[in-house]
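Below is a short report on a two-chain model. Please read it with the structure open.

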Amino acid sequence: MRAYRKREWASLMINMTPLIDVVFLIIVFFIIMINFSEVLIRKITLPKADEAKEIKEHVIKKITITIKSEKFIFVDRKKVSLYSLEETLRQKVCDPRKTTALLRGDENSPYDAIQKVMEKVAFAGITRIEFSTYKEAVPPLERDINDEASDQSNR
Amino acid sequence: MKLPIKATGSRINLSIRMTPLIDVIFLLLIFFIITIQFVKPESVLENRLPERRAQGFKDQQNDWEMVRLRIKLIIKEGGRPKIYLQERVVKTYEELLYYLNQLPRNILLVIEPESRVLYKHVIGVYNTCKKSKKSNIVFAISRE
């Protein structure tokens, strides 16, 4: 009769607990370090314009102004107030005549905010501006109920 | 890490527990799915602002030099925008384009939107002006 010796099975396994600890630590680090201004800048919905041209990458000096409303104005990635916008532009721009201001306005923001920014840009001496848009067909104007009624009566 | 207690020449069960690894991978995957943002390509509409002089802004053109045409954007009741080409009411962008195409190319178009008008409508009008191949399009700016 053959006698079998009792074998002992050793458990060789990777302990995942410290790995999870490290991963969570990295996630917490990223959450803390995340730049919320960047998120806000990207949340802008640009208006649509089919006549828009592609952005010229070779333009040396371009300053990007993102406008969500009068209270949310960013010059490049820095949040500025409307009051200090002109001063910020003057500090950032060495030669205003050779600088282009790229206006990234939210499509649903009132023109008032955009106009005020345009005025500040002009006061800073910048004359070249570009309106950032998506190259898509412009949606039709919302029509007045009176207009629709008059059109139907004409038919 | 657990090491084999007794390596007595017997068979060792080499197994990696996959469950926590998959948990972490899914967690990372969800994190990236939530934070991902697809960037749409952007295009631009070019324009020029008036140059500033010592006394304020320079007039774009004198009245006797160039014909000036005003395009007003006014908000009506209910928040709907209405376009006025001089005194004429324009209902659609297509209608505006039709009238603009009948005008000479060097005419000065002044876009005067009311402050409450949404930016998308201003861009819509400006886009139509660009479509009509007009070279002189300006935005009215206050002198204050």
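## Chain B at a glance

This model is predicted. Chain B holds 3 helices and 9 strands. Read from the N terminus, its elements follow the order β-α-β-β-β-β-β-β-α-β-α-β.

Chain B has 144 residues, and 22% of them count as buried. Its contacts often link distant parts of the sequence. Of the chain B contacts with a separation of 6 or more, 70% are between residues 24 or more positions apart.

## Helix packing and a parallel pair in chain B

Two helices of chain B pack together: α2(B), residues 93–101, and α3(B), residues 119–131. The angle between them is about 35 degrees, and their axes are 9 Å apart. The crossing of α2(B) and α3(B) is right-handed. From α2(B), the contact draws on Y93(B), L96(B), L97(B) and L100(B). These meet G124(B), V125(B), T128(B), C129(B) and K131(B) of α3(B). By class, the residues in this contact are 6 nonpolar, 2 polar and 1 charged.

Strand β8(B) spans residues 108–113 and has two distinct faces. L109(B), I111(B) and P113(B) form the covered face. L108(B), V110(B) and E112(B) form the uncovered one. β8(B) pairs with β9(B), residues 136–139, in the parallel sense over 4 bridges. Within that pairing, V110(B) has V138(B) in β9(B) as its bridge partner.

## Chain A at a glance

Chain A carries 5 helices and 7 strands. From the N terminus, the elements run β-α-α-β-β-β-β-α-β-α-β-α. Of its 155 residues, 24% count as buried. For contacts in chain A between residues at least 6 apart in sequence, 81% join residues at least 24 apart.

Helix α4(A) has 13 residues. From first C-alpha to last, α4(A) reaches 18 Å, close to the 18 Å expected at 1.5 Å a residue. Which residues of α4(A) are buried? They are Y111(A), A113(A), I114(A), V117(A), M118(A), E119(A), K120(A), V121(A) and A122(A). The list includes the charged side chains E119(A) and K120(A). Just after α4(A), G125(A) takes a positive phi of about 95 degrees.

## A sheet shared by both chains

One open sheet has 7 strands and mixed pairing. Its order is β2(A)-β2(B)-β7(A)-β6(A)-β3(A)-β4(A)-β5(A). Strand β2(B) thus sits between β2(A) and β7(A) in that order. The edge strands are β2(A) and β5(A), each pairing on one side only.

Where does chain B join the sheet? β2(B), residues 43–48, pairs with β7(A) in the antiparallel sense over 6 bridges. R128(A) stands opposite R48(B) in that strand. E130(A) has E46(B) as its bridge partner. Each of these two positions sets like charges across from each other: arginine faces arginine, and glutamate is bridged to glutamate. On the other side, β2(B) runs antiparallel to β2(A), joined by 2 bridges. There, K53(A) stands opposite V44(B).

At the far end of the order, β4(A), residues 73–75, and β5(A) run antiparallel and are joined by 3 bridges. V75(A) stands opposite K78(A) in β5(A). Helix α3(A), residues 82–92, lies across β3(A), β4(A) and β5(A). It runs at about 10 degrees to β4(A).

## The interface

How many residues of each chain are in contact with the other? The count is 58 residues of chain A and 56 residues of chain B. On the chain A side, the elements that give two or more residues are β1 (11–12), α1 (17–33), β2 (53–54), β6 (100–105), α4 (111–123) and β7 (128–133). The largest share, 9 residues, comes from α4(A). By class, the chain A side has 30 nonpolar, 10 polar and 18 charged residues.

Several of these elements have appeared above. β2(A) and β7(A) belong to the side of chain A that touches chain B, and both also pair with β2(B) in the sheet. β6(A) contributes to that side too, and follows β7(A) in the strand order. Helix α4(A), the source of the largest share, is also the helix with the buried residues listed earlier, among them I114(A) and V117(A).

How values were computed:
Residues numbered from 1 in each chain as written. Chains lettered and ligands numbered in written order. Predicted model: local features only at pLDDT ≥ 70, side-chain atom pairs only at ≥ 80, totals over all residues. Contact = placed C-beta atoms within 7 Å. Pairing = 2+ DSSP bridges. Buried ≥ 20, exposed ≤ 12 C-beta atoms within 10 Å, placed from the backbone. Expected span 1.5 Å × (residues − 1). Axes fitted to C-alpha atoms, helices over the stretch in contact; angles between N-to-C directions. Left-handed = near helix turned anticlockwise from the far one by under 90°.
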